[in-house]
Amino acid sequence: NAESWGGVLDTNVTLFYSFLSKHMKETLPIIYTPTVGEACLRYGKLFRNDHGVYVTSMDIGNVKQILQNSRKRNINVIVVTDGSRILGLGDLGTNGMGISIGKCSLYVGGGGIHPGRVLPVMIDCGANNET
């Protein structure tokens, strides 16, 4: 299930992406569509390590510093979401971070990009749209 996969990503990035890249066809439905929608609905209730960066409207003028404070250096790919319009589920707010994490996983597992060179980013604009 999706929770088990997230646990492996949290504890052993090398194993996670090695398995993912060797079994992309079988794991794709787990790490992205359709499972990522379910994971996003529950994202706020699942404890996970910090795989991404959150930026709010209060951070205007400080985004460069926020990115520099992330654990990742030499970032080549940033996947940004605002949490709205998530796979037909509506506005999930900060729970939409799962979309950016899932897409980064695709770029690493399928595209061969080093996991340390991708960064999921959630921009919280405070839209609060109806779902």
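Guide: Helices (H or I, at least four residues) and strands (E, at least two) are DSSP runs, numbered from the N terminus. In this chain the elements run α-α-α-α-β-α-β-α-β from the N terminus on, which amounts to six helices and three strands. The model is a predicted one, in which local features need pLDDT of at least 70 and side-chain atom pairs count only at pLDDT 80 or more, while totals for chains, interfaces and linings use all residues. Residues are numbered from 1 along each chain as its sequence is written, and side-chain values use heavy atoms, with hydrogens and water left out.

Visitor: How much of the protein chain do buried residues make up?

Guide: A residue is called buried under 20% relative accessible area, exposed over 50%, and partly exposed in between, using a 1.4 Å probe and protein chains only. Of the 131 residues in the protein chain, 37% are buried. As for contacts, where contact means heavy atoms within 4.5 Å, 70% of those between residues at least 6 apart in sequence join residues at least 24 apart.

Visitor: How do I read the packing of two helices, and at what angle do the axes of α2 and α3 cross?

Guide: Two packed helices are described by the angle between their axes and the distance between the axes. Here the axes are lines fitted to C-alpha atoms, for helices over the stretch in contact, and angles run from 0 to 180 degrees between N-to-C directions. The axes of α2 and α3 cross at roughly 120° and come within 6 Å. That makes α2 oblique to α3, because angles under 35 degrees count as roughly parallel, over 145 as roughly antiparallel, 65 to 115 as roughly perpendicular and the rest as oblique. By class, five nonpolar, two polar and one charged residues form the contact of α2 with α3, where Ala, Val, Leu, Ile, Met, Phe, Trp, Tyr, Cys and Pro count as nonpolar, Asp, Glu, Lys and Arg as charged, and the others, Gly among them, as polar. On the α2 side are Phe16, Phe19, Leu20, Ser21 and Lys22, which meet Met24, Thr27 and Ile31 in α3.

Visitor: Which residues in α3 meet α6, and how do the two axes lie?

Guide: The axes of α3 and α6 come within 11 Å and cross at roughly 170°, which makes α3 roughly antiparallel to α6. From α3, Met24, Leu28 and Ile31 meet Gly102, Ser105, Leu106, Gly109 and Gly110 in α6. The classes in this contact are four nonpolar, four polar and no charged residues.

Visitor: Is leucine 28 buried, partly exposed or exposed?

Guide: Leucine 28, in helix α3, counts as partly exposed at 35% relative accessibility. Leucine 28 touches Thr33 and Leu106, when residues up to four places away in sequence are not counted. Leucine 28 and serine 105 are 77 residues apart in sequence, yet their C-alpha atoms are 9.6 Å apart in space.

Visitor: What does aspartate 124 touch?

Guide: Leaving out residues up to four places away in sequence, aspartate 124 touches Val55, Thr56, Ser57 and Thr94. Aspartate 124 belongs to strand β3 and is partly exposed, with a relative accessible area of 30%. Between the C-alpha atoms of aspartate 124 and tyrosine 54 there are 7.1 Å, although the two are 70 residues apart along the chain.

Visitor: Where should I look for special backbone features, and which residues does a cis peptide bond join?

Guide: A cis peptide bond joins threonine 33 and proline 34, with omega about 15°, and proline 34 sits in the loop between α3 (24–31) and α4 (35–42). Asparagine 74 has a positive phi of about 55° although it is not a glycine. Asparagine 74 is placed in the loop between α5 (63–69) and β2 (77–81), and it is exposed, with a relative accessible area of 55%.

Visitor: How is empty space found, and how much lies in the largest pocket?

Guide: Rolling a probe the size of a water molecule over the atoms shows where empty space is left. On a 1 Å grid over the protein atoms alone, a pocket is an open set of points where a 1.4 Å probe fits, with protein on both sides within 12 Å along at least five of seven lines, and lining residues have an atom within 4 Å of a point. Grid points are joined across faces, edges and corners, and a volume is the space filled by probe spheres set on the points. The largest pocket holds about 290 Å³ of space. It is lined by 16 residues, of which Val13, His51, Arg71, Lys72 and Pro115 are the closest to its centre. The lining divides into eight nonpolar, four polar and four charged residues, and its largest share, three residues, comes from α6.
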